[in-house]
Amino acid sequence: KNRVNWVTKGGYYGNHMGYHDKKSTADTEMEPPLVWLTNKFNRSPGELVWVNSDKWGPLKGSLIDISYGMGRIFVVPHEKVNGQLQGGEVAMPIPDFVTGVMRGRFSPADGQLYTCGMFAWAGNKNHAGGFYRVRYTGKELNLPIKLKTHQDGISFTYSSRLNKSTAEDPKNY
């Protein structure tokens, strides 16, 4: 239902107010998204932000999605296959915010993520507003930060080294 688009010059992503000759609203007329999301998982992606801070340890260089609809932050591991980007989302292991969140920026002063939030529409967090600092504490995260698809499966690179029994336990996925 929700698209996370990797926008490129000349691509069409459904904005009918843009400069293009598209008449149809069909998904087949649009560039394929980086990620398709269901409402149950992430009902309104708010903003994609590159982690550019050394203070965020193993997540530096990762793409994150700050979700207005769910009041969560997701890591977006992805890859390019035959010219097409594809990926997924994994929720960061932090409590949900009491508002939807958006407008994330990494501060040059302390290297941490600052984001604000509100409630107006299409969200499930209904507090009036908030301003938040999100910081990396140095604890292990065990989050997939890269993915690689193969003919017979998917390989992930994690932010922390997993022990074998944790990685092989289906209850962890």
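In the predicted model, R72, D96 and K125 are linked in a network of salt bridges. The structure as a whole holds four salt bridges. Within the network, D96 pairs with R72, and their closest N and O atoms lie 2.9 Å apart. This pair links distant parts of the chain, since D96 belongs to the loop between β8 (90-91) and β9 (100-106), whereas R72 belongs to strand β5, 24 residues apart. D96 also meets K125, side chain to side chain, in a salt bridge with an N to O distance of 3.2 Å. K125 is located in the loop between β10 (113-118) and β11 (129-134) and D96 in the loop between β8 and β9, so this second pair ties together parts that are 29 residues apart in sequence. The side chains of K125 and D96 are likewise joined by a polar contact of 3.2 Å.

The members of the network vary in their accessibility. K125 has a relative accessible area of 19% and is therefore classed as buried, the limit being under 20%. D96, at 34% relative accessibility, counts as partly exposed. R72 is also partly exposed, with a relative accessible area of 26%. When neighbours within four places in sequence are left aside, K125 is in contact with M70, G71, D96, F97, V98, T99, G100 and F119. The salt-bridge partner D96 is thus one of the residues in this list.

A further salt bridge is formed by the side chains of D54 and K60, with an N to O distance of 2.5 Å. D54 is exposed, its relative accessible area being 61%. Its partner K60 is partly exposed, with a value of 42%.

Strands β9, β10 and β11 form an open sheet in the order β9-β10-β11, with antiparallel pairing. Strands β9 and β11 stand at the edges and have a single partner strand each, so one side of each is left without a neighbour in the sheet. On average, neighbouring strands of this sheet are turned by 20 degrees against each other, direction ignored. Strands of a sheet pair through backbone hydrogen bonds, in either a parallel or an antiparallel manner. Between β9 and β10, which run antiparallel, there are five bridges. In one of the bridges, R105 is partnered by Y114 of β10. The loop between β10 and β11 is the one that contains K125.

Another buried position is found in strand β3 (residues 45-50), which includes V49. V49 counts as buried because its relative accessibility is 9%. Residues up to four places away in sequence not being counted, V49 touches S62, L63, I64, I66, G104 and F106. The C-alpha atoms of V49 and G130 are separated by 19 Å, the two residues being 81 residues apart along the chain.

With regard to confidence, the chain averages a pLDDT of 86, and 98% of the residues score at least 70. Confidence is highest in strand β5 (residues 72-75), at 94, and lowest in helix α1 (residues 164-168), at a mean of 76. Where pLDDT is low, the predicted coordinates should not be read in detail.

Note on methods. Residues numbered from 1 in each chain as written. Predicted model: local features only at pLDDT ≥ 70, side-chain atom pairs only at ≥ 80, totals over all residues. Heavy atoms only, no water. Helix = DSSP H or I, 4+ residues; strand = E, 2+ residues; numbered from the N terminus. Buried < 20%, exposed > 50% of the residue type's maximum accessible area, 1.4 Å probe, protein only. Contact = heavy atoms within 4.5 Å. pLDDT = per-residue confidence, 0-100. Polar contact = N/O pair within 3.5 Å; in protein donor to acceptor, adjacent residues only side chain to side chain. Pairing = 2+ DSSP bridges. Axes fitted to C-alpha atoms, helices over the stretch in contact; angles between N-to-C directions.
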